[in-house]
Amino acid sequence: MKHLSKAILRTAIIGTLVIILFVGVILVYYNMVYDEKKDGIIKDGRILANQSADEFDRYLSTNIDLIKITAYTLDGMITEKKSNDEIQDYLVGQSTAIRNAVVENYTGLYGYINGRFFSGTYWIPPEGYDSRIRPWYTKPMENPGKITILEPYVDVQSGNTMMALGKTLCDGVSVISVDVSLDQMQYLTEEAVVNGGSDIEMIIAGDGSVVTHSDIDEVGKNYFTESGTLGSEIFKMLSESRDSYFEVDFEGENYIVYNASFQDDWYCISVHRASEVFNSLTRILIATIVIAIAIVVTIGIIIAVSGRRSVIAERALASSEAKSAFLSNMSHEIRTPINAVLGMNEMILRESREANIREYSENVKMAGQNLLGIVNDILDFSKIEAGKMEIIPAEYRLSAMLVDLVNMIKPRFDAKGLVLDTVFDKNAPEILFGDENRIKQVIANLLTNAVKYTEEGSVKFSMSFEKSMDENDGVILNFSVADTGIGIKEEDLGKLFSEFERIEEKRNRNIEGTGLGLNITKHLLEMMGSSLEVKSDYGKGSVFSFTLKQKVTSWEPMGDYDEAIEKEKGRFTSYKIGFMAPKAEILAVDDNPMNLTVLLSLLKQTKVNIDTAERGEEGLNKTLEKKYDLIFLDHMMPEKDGIETLHELRSNKNNPNIDTPAICLTANAIAGAKNKYIAEGFDDYLTKPVDYSKLEEMMLKYLPKDKIEEYVPDENETEMPDGLPENLESLDRQGILDIYSGINNSGTIEAYIPLIKIFCKSIDEKSEEIEKLYKDGDIKNFTIKVHALKSSARIIGATEFGEEAQKLENAGTDGDIAYINSNCDEFLEKYKRFKAPLSQFIEKEEESVRTEQNGDKPEADEALLKDAYAELYAAADDMDCDILKNIFKDMEAYRIPDKDKELWQKLINASEKYDYETVMNLLNSRHG
């Protein structure tokens, strides 16, 4: 009994000590969490406030610069006693230029000059309107010579948050002003709260007026004149405190406030409701202590029983995560120098004429490609383990996929003297919907393995199909790869899908690879709802097969494989336009100039009249001016996308094109896309790159029948050559571009070459633009720019690069910042590597053209050049691309003097990119 009492006492003492220790640990942990939460709130507030301050500071600086430039010009006009009509014309032109050149939403310049009111938008004030009593006039007059920023207000009609800037002019009684929208800043302010970055976000001017606020109702209030509100308390502390961070207690709540100043006396403020966080922590603390006392004994038992298992499980999980992270990081780190080595080695192959050097270089190339394949396998494996491998379905052509696979693997067969036997069902449907790239990866792995493990004999690559019993638009594809190789022992079949493990290691030690190929293949098939079947007879060969369900877009038979090869090689020569529509009027709106160039080229022979616009707003303005027969709208555009543009068009009852058929242009061929766009009001949609046969079908379907005529070719029209020019053949042979695909997307070789030039000459500008958006964290516009680049790449036949752009775009759309961080730098490097070979191609092409054209041409004299420059300036000022093209075409009959060649080429380059401002600047600098 005595021993029992001691045991109970000992247990009670130990239990009490454990409880005290446990409560102490909880209290320490609570304080740590409290401090961590507080530090986190301060840190988040600092980041948000500084980001908003930087953004708004840039915004104000841009607007201030604009009003300064305008005021400077008007001072000169007043001094030179320019007429009121000249001042009015300048304000209209400047308003238009500002609205086209900058992102912000400007309503136009206006002011009180020479004793009367002027408007850059031709706005006529109501009767009795007196400019001199308006704040936009009186406030600047109180600060002569300085830029005055007026208090923001919410426009009653539009609901937009607006702000006015004004400045007095040199005569002391005139004022120029402009209203600018704060919608973007208001949007960012509201988004900070929606995304959980803060509880309240605002921008306050030094006089206490609220510029933007996450609660729109607070905009326009003045916290200096208010009292008894949270805003007035924050502004009071802001005025008294010199610190960037302080706390405010208001109505029993505690708030942590962080502020960042800019423009001398403006503040960006992030407010976090700290009491909610800390009250919940306190409640958790009390509940934890109570529960701890009740379960302390049970904890001991649980720890004793499960402790060891928990440790083992945690170690296994940590090991798996560490391995995946290591493989992913190392794969990226290794792949960059490998690509550099292969790139420099390619230059050796192109430039060296010494046989032994080229032999060494070929060996380096083969070894490098093998190494790159191993690294790619490792990267895919790490993606699978991390759950980041994706299946991205799109429409594809079955025959083209099979041709690509055979062309890719055939050199390996030829090198080993093996026979590749292809048996494909010619009745299989041609147009399918699925992830073509992943299917090719699976089959390529199987074919590559077959080559590796087959020393003599042949490999049979088969494809058959059967209709799906479950879906009317479904098909079951049956693929198999049978070899006459070494085969697999029955006891080794279980090792086939193990990562980093290869069967019969000693026997196959000379065969390159990681042992990951089949493991990756297995996972990819599982992701596509399939599985890999293996049959093998050791010493005689193996058969790898799988079935795959795909959706059918068109049941047109694939046809004979040999015919498919010829079709792939020459498909760009087989199509000719089938109609003309010289009376038809079409509008094409796309922010990517290359897409517009392609559309113009594809429809050139139809003689249809095409107007173009690079922004949704510009397109809407054109629909107000002319009745069109058909409108093409790009989906993804900055500022106002295609859907928003269409909605605004359809909602305006006075728009003459309210019922005009509208076709959506999109690079996202996803399931259900057509239903989605039709639901938004479109009549149909076309995927990019645009297939000209589908474009013709669309035109014939929606253009008025009385405007369609039978196609009559021009007398001077020539047939497309059977072969490719040597310069293009070189690009295709080097694997830089899929030339046949590019020509197919463009319509003709003549239309294709200018697209290569546009793509090449914009590499520096667009790569810098994308890189800046990435570094600034502007993922929305980053995604839009990558989307546009994806379309451009696919158009010219940079297919693989286009697919990488698609993945980066998907990551931006899904908010997958980790993927963007891991892949953006490498993506931009690949983009920049196009410049050298494409520039070399352009140089040769232009040299060839110069040699051909400059034979007996007369040299353009100074008078002719002067007239040409004047006409170019006028055309650029009117943004008329057709006149620009005609001027350059007319001047092809003359040789440009050496002193003007560089300027002339720059003018051509700028006009090809529709960069009218650069054309005018170049011509102005010539006169200067």
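Which residues point one way from S7, and which the other way? In this predicted model, Ile200, Met202 and Ile204 face one way from the strand, while Glu201 and Ile203 face the other way, and all are buried. In a regular strand the side chains alternate between the two faces of the sheet.

## Strand S7 and its partners

Strand S7 covers residues 200–204 and is mostly covered, with five of its five residues buried. S7 pairs with strand S11 (residues 266–273) in the antiparallel sense, and this pairing runs over five bridges. S7 also pairs in the antiparallel sense with strand S8 (residues 210–213), here over three bridges. Met202 takes part in both pairings, since its bridge partner in S11 is Ile269, and in S8 the residue standing opposite Met202 is His213. The hairpin of S7 and S8 has five residues between the strands, and within that hairpin Gly208 takes a positive phi near 95 degrees.

## Positive phi outside glycine

Two residues that are not glycines also have a positive phi: for Asn114 the angle is about 55 degrees, and for Lys607 the angle is about 60 degrees. Asn114 is placed in the loop between strand S1 (106–113) and strand S2 (116–119), and with a relative accessibility of 37% it counts as partly exposed. Lys607 is found in the loop between H12 and strand S21 (609–613), and its relative accessible area of 37% makes it partly exposed.

Helix H12 itself, which spans residues 593–602, is mostly covered, as eight of its ten residues are buried. The buried residues of H12 are Pro593, Met594, Asn595, Leu596, Thr597, Val598, Leu599 and Leu602.

## Salt bridges

A search of the whole structure finds 28 salt bridges. Side chains of opposite charge can pair when their charged atoms come close. The table sets out three of these pairs, with the separation of the N and O atoms in each.

| Salt bridge | N to O distance |
|---|---|
| Arg132 and Asp130 | 3.5 Å |
| Glu218 and Lys221 | 2.8 Å |
| Lys522 and Glu526 | 3.0 Å |

How covered are the residues that make up these pairs? In the pair of Arg132 and Asp130, Arg132 is partly exposed with a relative accessible area of 47%, and Asp130 is partly exposed with a relative accessible area of 26%. In the pair of Glu218 and Lys221, Glu218 has a relative accessible area of 16% and is therefore buried, because buried means under 20% relative accessible area, whereas Lys221, at 33% relative accessibility, counts as partly exposed.

Lys522 and Glu526 both lie in helix H10 (residues 517–527), where they are four residues apart, about one turn of the helix. An α-helix has 3.6 residues a turn, so residues three or four places apart point the same way. Lys522 counts as partly exposed at 28% relative accessibility, and Glu526 counts as partly exposed at 43% relative accessibility.

Beyond these pairs, Glu585, Asp611 and Lys626 are linked in a network of salt bridges.

## A negative patch on the surface

Which residues form the negative surface patch? The patch is formed by Asp861, Asp867, Glu871, Asp890 and Glu892. Asp867, one of the residues of this patch, has its place in helix H25, which covers residues 862–877. With a relative accessibility of 46%, Asp867 counts as partly exposed.

## A contact between distant parts of the sequence

Asn478 is found in strand S16, which covers residues 474–483. Is Asn478 buried or exposed? At 19% relative accessibility Asn478 counts as buried, because the cut-off for that class is under 20% relative accessible area. Asn478 and Leu548 are 70 residues apart in sequence, yet their C-alpha atoms are 6.7 Å apart in space.

Notes. Residues numbered from 1 in each chain as written. Predicted model: local features only at pLDDT ≥ 70, side-chain atom pairs only at ≥ 80, totals over all residues. Heavy atoms only, no water. Patch = residues over 30% accessible without salt bridge, like charges linked within 9 Å, V, L, I, M, F, W, Y side chains within 5 Å. Areas by Shrake-Rupley, 256 points an atom, 1.4 Å probe, with all protein chains shown as cover. Salt bridge = Lys/Arg side-chain N within 4 Å of Asp/Glu carboxyl O. Lys, Arg positive; Asp, Glu negative; His and termini not counted. Charge placed at Lys NZ, Arg CZ, Asp CG, Glu CD. Helix = DSSP H or I, 4+ residues; strand = E, 2+ residues; numbered from the N terminus. Buried < 20%, exposed > 50% of the residue type's maximum accessible area, 1.4 Å probe, protein only. Pairing = 2+ DSSP bridges.
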